Amino acid sequence: MSLTQPRIAIVGGGPAGLTVGLLLHHRNIPFTIFELRQQPTDEDLNKPSGMLDLHEESGIAALRECGLYDQFLNLTGECSEAQRVSDKDGNIIYQDEGELSQRPEISRHALSKLLISNIPSSNIKWGHKLLSAASSTASGHTEIELDFGSNGKHTVDLVIGADGAWSKIRNLLTEVKPTYSGTQNITMTIRNITTRYPHLAKFVGLGSFSALGTRHGVMSQRGPQDSARIYIFLTVDDESFPATTGLAGQAAAVTKDRLLSDTALLGTWGSIIKELVSAASEEEMADNPGATVDLRPLYMLPVGKLWEHQTGATVIGDAAHVMCPWAGEGVNLAMWDSLLLAQAIIKAHETNAKDITTFQNTLDPLVKEFEADMISRAQEKGEETISNGKMLFGEDGAAAFRDFFLAAYGST
């Protein structure tokens with residue numbers, strides 16, 4: 001089969017999909033990114049979002065290859081690398097100023113904006129929800145049909161699934177699904193914390209803060225607009241906890257009352273931690289009137305599980321190895337995947353760009369090797385993530401986390 005260029009689709013416009021797209025763009029390799037969300041406005045991307053600490057060998061290496069390292073550094077001042085650890089009563093038992101860390105923080109929105117701004121707008125199709133994907137092979141050539149419902153069907157020679165934990169593209173490769181991790185997560189934001197709640201701003205510090213105890217956690221990361229992003233992690237056996245407790249679909253005020261009164265949750269925690277949760281709940285209601293609380297279970301894929309390789313389709317990032325955030329590896333692994341997969345595609349494209357069947361035959365063993373390497377890398381980080389989770393959410397997670405930092409950095 002002879003065409004001028006292979007047809008490449010990337011499903012998912014998060015950091016993984018955007019990074020692989022930008023790397024292909026730099027080599028003039030055509031591609032289209034299909035993203036479920038509508039195109040974000042500058043106002044959307046300027047809102048507070050979670051912070052990501054990028055690592056030299058993975059996320060930062062990908063940004064260097066994209067030619068964006070210097071621009072990235074200019075966007076890293078909103079959250080310092082400082083760490084504070086508190087017990088459940090609010091006693092600070094460890095703190096540092098980030099002087100020994102080499103993992104600069106960038107907000108998720110700032111990273112997205114950086115990547116999007118360097119990709120031609122015509123290469124990203126917003127508002128495209130993938131309903132299904134199907135593979136067919138004829139005369140030695142494999143095609144993938146992507147069904148976007150009212151947005152039509154698209155046939156491609158290679159599809160890269162960067163479509164997250166519940167990936168539709170992964171269904172082409174394996175029947176394995178994510179399983180419940182045993183943790184529920186609530187996310188809230190306090191904007192302008194220094195002026196509105198100066199004592200809380202001083203308490204959580206300028207970087208990352210973790211209050212741990214009774215197998216739960218209340219964590220904070222500073223971010224854009226002098227914000228503090230508040231995360232509440234609850235160790236709960238019941239995957240359907242939001243529904244069975246009646247908290248699903250409730251406003252932040254209802255959730256707050258249950259969290260702070262139930263002794264199985266945060267009812268026995270100290271007053272300063274409860275005040276932090278209360279302030280976050282009140283700010284969330286003020287910023288998003290009528291909105292329901294963001295309470296959801298966290299999921300993970302089996303660690304080290306490799307699928308049987310299939311021509312014309314692969315997955316990266318959370319679609320390949322979703323895990324909990326306890327090692328800060330999710331986005332880094334995703335961008336590392338993007339870097340290495342892009343290198344494989346570029347190599348095949350430089351060798352056989354104009355004959356699609358030959359391109360596929362050249363690319364196929366490269367992608368198979370990439371997938372095995374990717375799962376091996378993810379296995380190491382996945383095992384680290386599980387180990388960290390046991391440390392953080394044991395009966396005395398605060399002491400364990402303090403000891404972790406002391407072992408890594410020594411007394412500060």
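Guide: Exposed means over 50% relative accessible area, buried means under 20%, and partly exposed is what falls in between. Keep in mind that this is a predicted model.

Visitor: Got it. Is E308 buried or exposed?
Guide: E308 is found in the loop between β16 (295-300) and β17 (313-315). Its relative accessible area is 63%. The cut-off for the top class is over 50%, so with 63% E308 counts as exposed.

Visitor: How many Å separate E308 and E371 in space?
Guide: Along the sequence, E308 and E371 are 63 residues apart. Going C-alpha to C-alpha through space, the gap between E308 and E371 is 9.7 Å.

Visitor: Let's zoom out. What radius of gyration does the chain have?
Guide: The C-alpha atoms fill a box of roughly 70 × 45 × 40 Å along the principal axes. For 412 residues, a compact globule would come out near 22 Å. The chain agrees with that, because its own radius of gyration is 22 Å.

Visitor: And how many helices and strands are there?
Guide: You can count the secondary structure elements along the chain. The tally is 14 helices and 17 strands.

Visitor: What percentage of the contacts with a separation of 6 or more is between residues 24 or more positions apart?
Guide: Start with burial: buried residues make up 54% of the 412 residues in the chain. As for the contacts with a separation of 6 or more, the share from residues 24 or more positions apart is 73%.

Visitor: How much of the accessible surface belongs to carbon and sulfur atoms?
Guide: The accessible surface of the chain adds up to about 17,600 Å². Of that, the share belonging to carbon and sulfur atoms is 48%.

Visitor: How far apart are the mean positions of the positive and negative charges?
Guide: The chain has 34 positive and 51 negative charges. Take the mean position of each set, and the two points are separated by 3 Å.

Visitor: Is I106 buried or exposed?
Guide: I106 belongs to strand β6 (residues 105-107). Residues it touches, beyond those up to four places away in sequence, include L52, L54, F72 and L75. Its relative accessible area is 0%, so I106 counts as buried.

Visitor: What about M188, in which strand does that one sit?
Guide: M188 has 2% relative accessibility, so it counts as buried. Not counting residues up to four places away in sequence, it touches I230, I232, V277 and A280, among others. M188 lies within residues 179-190, and that run is strand β12.

Visitor: Where is R191 found?
Guide: R191 is partly exposed, because its relative accessibility is 23%. Leaving aside neighbours within four places in sequence, its contacts include K47, R196, Q225, D226 and D287. Its place in the chain is the loop between β12 and α6.

Visitor: What is the phi of N192?
Guide: N192 is in the loop between β12 and α6 (193-196). With a relative accessible area of 37%, it counts as partly exposed. Most residues other than glycine have a negative phi. N192 is not a glycine, yet its phi is positive, at about 50°.

Visitor: Which loop holds Q225, a residue other than glycine with a positive phi?
Guide: Phi of Q225 is near 60°. At 35% relative accessibility, Q225 is partly exposed. In the chain, Q225 sits in the loop between β14 (216-223) and β15 (227-235).

Visitor: Now some cysteines. How many disulfides does the structure have?
Guide: Two cysteines to look at are C66, buried with a relative accessible area of 4%, and C324, buried with 7%. A pair of cysteine sulfur atoms has to be within 2.5 Å to count as a disulfide. Searching the whole structure, the number found is zero.

Note on methods:
Residues are numbered from 1 along each chain as its sequence is written. This is a predicted model: local features need pLDDT of at least 70, side-chain atom pairs count only at pLDDT 80 or more; totals for chains, interfaces and linings use all residues. Side-chain values use heavy atoms; hydrogens and water are left out. Helices (H or I, at least four residues) and strands (E, at least two) are DSSP runs, numbered from the N terminus. The radius of gyration is taken over C-alpha atoms; the globule rule is 2.2 Å times the number of residues to the power 0.38. Buried means under 20% relative accessible area, exposed over 50%, partly exposed in between (1.4 Å probe, protein chains only). Contact means heavy atoms within 4.5 Å. Accessible areas come from the Shrake-Rupley method with a 1.4 Å probe; for residues, only the protein chains shown count as cover. Lys and Arg count as positive and Asp and Glu as negative; His and the chain ends are not counted. The place of a charge is taken as NZ of Lys, CZ of Arg, CG of Asp or CD of Glu.
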